[in-house]
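Student: I am new to this structure. Please take a close look at one part of it, the surroundings of the ligands, and explain the terms as you go.

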Amino acid sequence: MKTYLVTGGAGFIGTNYIHYMLAKYGEKIRIINVDKLTYAGNLENLKDAERLDNYEFVKADICDKEAVDKIFQTYDIDRVVHFAAESHVDRSIKDPEIFAKTNILGTLVLLITARKYWEVSDGEYKEGKKFLHVSTDEVYGSLENDTDFFYETTPYAPHSPYSASKASSDMLVQAYIDTYRFPANITNCSNNYGPYQFPEKLIPLVINNALNGKKLPVYGDGKNIRDWLFVEDHVKGLDAVQEKGRLYEKYNIGGHNEKQNIEIIKIILDTLLEMLPETDARRKNISEKLITYVEDRKGHDRRYAIAPDKIQRDIGWTPETHFEEGIKKTVQWYLENEDWMENVTSGAYQKYYEEMYSTGRR
Ligand code: NAD
Ligand code: DAU
């Protein structure tokens, strides 16, 4: 039985990863989920897993050396899958400090501790130990030219405090590989969408606002491009990298699904109208009239686009979910989980939303 330490498992991608891994491997694996439960972490996401003997939750901050040490002391960790991070670009523009702390220092604490427990002699590690660092395509900066793509060899050029902190964490992991022959992989993925995503991010924010007849804020001219990947395809890719990837390598994950933000918003409105029953009162709220152009994000990257050639060639991973299908599954999930949305958007979220989207918001 392999023991996985999943960091940030109560967040969006971590939750989807845990559900996928428990369904795929059952009792062949044990998962220890360590999460600080920030505003983005929600244990309700994992209430089914809580019943299982091979799943455990530990509330801790990855920056807390003693707490992380205790986890490695208590459990014989085979795999670390590191999601925990501050992940929202707009928040990083307002308050960069916590991004440096969690994303950089937190990653370093995990590296120091895993090496302490895993290294048997200089550059030699216990059999089968692996660290997967889950990162983002934002470390590569912004593409201006339509025919360019991010490759694993593309130089890092982050622009936001968020992406700078993620780039730093990637470099620390790479430094551990180069200096200590530390058994790690780094993955850099494009924009995810799907169930359990917190509604500060574009897709769930638009779904939620449209259903409630609230304005749909579009930054700048709405023509910034992101490369959208259904979250289940991402977590399958992460599992594939651990099982079939070459240790020490870096893999880009993305699906050649580039869309302008304004296109995404219109697709969501169409999908909502297609999926809501004729009798649903919320249909009357849903209209392109809600689209509202607002002040641009500071340092807003124009275009992201991943070249997933290496992961396809080396591992055989390709995205399985077409955007039309993925967005329907996503809308369906939010329609079926109104309570979840209600819970996460009450209290602190209201305050955040008012601050972020009131005039002169950034
Ligand atoms: P998220 O914000 O939804 O979840 C982050 C989780 O980390 C939360 O549960 C939070 O409570 C936890 N956390 C935050 N600080 C912590 C700390 N100090 N100690 C312990 N736990 C802490 O993020 P997400 O969208 O699920 O992203 C997960 C990872 O994937 C991040 O590292 C992010 O950079 C990366 N990523 C995200 C995307 C995307 O589109 N969402 C794409 C590529 C890569
Ligand atoms: O590319 C991967 C990254 O994708 C991850 O590393 C990040 O953790 C994740 O948050 C996401 O970052 P983005 O900044 O691309 O995602 P976000 O959903 O915040 O914004 C997507 C695009 O939509 C971006 O161009 C900004 C725009 N936007 C966003 C919001 C929240 C709007 O126009 N209006 C909005 O209200």
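Tutor: What follows describes the surroundings of ligand 2 and then those of ligand 1. The model is predicted, so local features need pLDDT of at least 70 and side-chain atom pairs count only at pLDDT 80 or more, while totals for chains, interfaces and linings use all residues. Residues are numbered from 1 along each chain as its sequence is written, chains are lettered from A and ligands numbered from 1 in the order in which they are written, and side-chain values use heavy atoms, without hydrogens and water.

Ligand 2 has 24 residues around it, where a residue counts if one of its heavy atoms lies within 4 Å. The nearest are D137, Y162, N191, R297 and H300. By class, 10 residues of this shell are nonpolar, 8 polar and 6 charged. Here Ala, Val, Leu, Ile, Met, Phe, Trp, Tyr, Cys and Pro count as nonpolar, Asp, Glu, Lys and Arg as charged, and the others, Gly among them, as polar. Two elements, α6 (202–211) and β10 (216–219), each supply at least two residues of the shell, and the largest share, 3 residues, comes from β10. Such elements are DSSP runs numbered from the N terminus: helices are H or I of at least four residues, strands E of at least two.

Some individual atom pairs can also be named. The side chain of T136 has an N or O atom 2.7 Å from an oxygen atom of ligand 2. Backbone N or O atoms take part as well: one of L202 is 2.8 Å from an oxygen atom of the ligand, and one of P217 is 2.8 Å from a nitrogen atom. Of the 700 Å² of accessible area that ligand 2 has on its own, the protein covers 95%; such areas come from the Shrake-Rupley method with a 1.4 Å probe.

Ligand 1 is surrounded by 28 residues, with I13, D35, S87, Y162 and K166 closest. Y162 is thus listed among the closest residues for both ligands. The shell of ligand 1 has 13 nonpolar, 11 polar and 4 charged residues. At least two residues each come from α1 (12–25), β7 (130–136) and α5 (161–180), and β7 gives the largest share, 3 residues. A nitrogen atom of ligand 1 lies 3.0 Å from a backbone N or O atom of K36, and a nitrogen atom is 3.2 Å from a polar side-chain atom of T102. Taken alone, ligand 1 exposes 830 Å², and the protein buries 97% of that.

Conventions. Polar contact = N/O pair within 3.5 Å; in protein donor to acceptor, adjacent residues only side chain to side chain.
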